[in-house]
Amino acid sequence: MSVILETSAGDIVIDLLVDYSPRLCENFLKLCKIKYYNFSPVHSVQKNFSFQTGDPLGPSSQDSDGGSSIWGLVPTQNPGRKTFKADFHSRLKHAERGTVSFATVPSARDPEERLAGSQFIITLGDDLDYLDGKAAIFGKVVEGFDALEKINDAFCDEKGRPLVDIRIKHTVILDDPYDDPEGLVEPPESPLPSKAQLATVRIGEDDKLEDDGDAEAVERVRREREARAQALTLEMVGDLPFAEVKPPENVLFVCKLNPVTTDEDLELIFSRFGKILSCEVIRDKRTGDSLQYAFIEYEDQTSCEQAYFKMQGVLIDDHRIHVDFSQSVSKLSDTWRDKTNQKRRQGGGGFGGVSGLEKKRQYKAAEYGGGRRDRYGMVYDEDELRRRHEREGKYDGEKRDRSRSRSPQREREFDDRGRGGERERGGRERDYDGRDEDRGRRRGNDNYRPRGGR
């Protein structure tokens with residue numbers, strides 16, 4: 001036995017546990033059959049816990065009576081009996097998301113007895129044992145968990161009511177094993193919302209939300225949203241330690257300076273407001289010319305604020321300066337990056353903990369400190385290649401020496417000299433069979449020069 005709830009958040013299919021809660025299931029099925037739940041609002045949404053519905057008007061309406069059971073709506077039954085005794089089965093627990101149960105209240109006659117009406121709860125989380133014994137379980141959601149997610153993520157007020165209405169549009173009964181109570185009348189079609197129901201609409205499902213407010217406020221919100229997105233991007237690429245980083249409050253930004261104004265001039269002028277930790281006029285790295293702005297770091301925030309209020313528009317070296325609080329976090333970022341890299345180096349790893357990702361310097365001859373260079377000024381690391389070839393089993397030293405000794409130029413030198421070896425600059429001699437010997441070092445003579453050498 002199942003029922004489909006067509007809601008503005010999506011369709012929800014509920015399987016009824018008629019073997020465990022027959023009276024609860026009968027009440028729910030018959031209320032769905034007479035379209036009692038149509039246009040009922042979803043309210044009391046508690047994220048990752050539950051939401052409640054089943055009152056045709058909702059708790060925000062002064063005309064709401066909280067809803068009624070099917071036996072209080074059928075004229076031939078007992079119109080005054082809005083509630084009935086709820087049955088709790090010991091094997092039914094609120095252990096999984098999508099558990100459906102009737103909301104109950106203690107009976108005035110017997111506190112141990114709980115009464116149910118029309119309102120029901122659907123859980124949005126697992127293991128909610130708090131509801132055991134308070135809400136009477138009669139079904140579980142088998143389809144439509146995406147609709148539950150939308151309800152769970154809806155924006156709500158302090159009372160848990162969604163700002164944009166979420167309502168039950170229609171109910172469809174897939175199977176009903178119970179006989180209709182005497183006097184029950186099923187409507188031929190889904191009824192339209194009553195005037196009282198329409199009065200409870202806050203923001204309709206199809207209402208368009210337009211920004212009709214102050215244009216300046218809308219632009220400010222847009223810029224703040226864009227700034228947060230940019231900060232997250234900078235955090236991802238590593239330019240910021242974290243997106244929520246804020247500029248220091250004791251640093252002053254000064255601009256529109258005269259190019260002749262120096263660090264000492266500014267420090268002398270601004271030091272009357274408090275102790276200055278650093279004062280720097282930003283200059284072009286290549287030419288050294290002033291870029292006409294500076295950063296002044298005070299020891300405390302109070303001194304920085306006093307300088308901000310007193311020095312705006314002051315004339316310095318025939319220029320009226322502009323003063324503002326610094327918005328730069330570059331110094332903080334550099335400090336964070338240096339400390340992070342230092343920790344990585346001390347740990348023996350590179351960026352991300354992999355030493356192989358460290359910056360290579362084999363193409364910078366000046367930093368490499370020696371090595372064999374070609375005419376393009378690049379450094380060729382033979383030792384590193386040899387070790388790699390040895391690991392891969394590709395290295396053959398004898399073959400490599402023979403290939404180097406049989407170059408065309410060396411062949412001509414060999415033919416001209418008619419000897420079984422060749423002599424190289426620096427006193428090195430290569431025999432025909434590929435063996436290298438350093439004649440100068442072997443003889444222990446630093447002034448040794450090979451015959452025919454320059």
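The exercises below, each with a worked solution, concern charged residues and one helix of a predicted model.

**Exercise 1.** Which residues of helix H2 are buried, and on which side of H2 do they lie?

*Solution.* Begin by locating helix H2, which spans residues 145-152, and pick out its buried members, namely Ala147, Leu148, Ile151 and Asn152. Next consider how these residues are arranged around the axis: they cover an arc of only 140°, and therefore they sit on the same side of H2. Finally, turn to the face of H2 that points away from this buried side, where the exposed residues Asp146 and Lys150 are found.

**Exercise 2.** Find the salt bridge between Lys30 and Asp176, and work out whether each partner is buried or partly exposed.

*Solution.* First look at the distance: the closest N and O atoms of Lys30 and Asp176 are 2.7 Å apart, and the two residues form a salt bridge, for which the cut-off is 4 Å. The pair links distant parts of the chain, since Lys30 belongs to helix H1 (residues 22-33) while Asp176 lies in the loop between strand S9 (168-173) and helix H3 (195-198), with the two positions 146 residues apart in numbering. Then take the accessibilities one at a time: Lys30 has a relative accessibility of 0% and so counts as buried, whereas Asp176, with 23%, counts as partly exposed. As a last step, place the pair in its surroundings, where Lys30, Lys33, Asp176 and Asp180 are linked in a network of salt bridges.

**Exercise 3.** Determine with which arginines Asp165 forms salt bridges, and state whether the residues involved are buried or exposed.

*Solution.* Start from Asp165 and examine Arg161, with which Asp165 forms a salt bridge whose closest N and O atoms are 3.3 Å apart. Then examine Arg167, which also forms a salt bridge with Asp165, again with 3.3 Å between the closest N and O atoms. Checking the burial of each pair in turn, one finds that Asp165 and Arg161 are both buried, and that Arg167 is buried as well. For the model as a whole, the count of salt bridges comes to 13.

**Exercise 4.** Which residues form the negative surface patch that includes Glu267, and how exposed is Glu267?

*Solution.* The members of the negative patch are Glu264, Asp265, Glu267, Asp317 and Asp318. Among them, Glu267 can be located in helix H5, which covers residues 263-270. Its accessibility settles the second part: the relative value for Glu267 is 35%, and therefore Glu267 counts as partly exposed.

Methods
Residues numbered from 1 in each chain as written. Predicted model: local features only at pLDDT ≥ 70, side-chain atom pairs only at ≥ 80, totals over all residues. Heavy atoms only, no water. Patch = residues over 30% accessible without salt bridge, like charges linked within 9 Å, V, L, I, M, F, W, Y side chains within 5 Å. Areas by Shrake-Rupley, 256 points an atom, 1.4 Å probe, with all protein chains shown as cover. Salt bridge = Lys/Arg side-chain N within 4 Å of Asp/Glu carboxyl O. Lys, Arg positive; Asp, Glu negative; His and termini not counted. Charge placed at Lys NZ, Arg CZ, Asp CG, Glu CD. Helix = DSSP H or I, 4+ residues; strand = E, 2+ residues; numbered from the N terminus. Buried < 20%, exposed > 50% of the residue type's maximum accessible area, 1.4 Å probe, protein only. Arc of directions from axis to C-beta.
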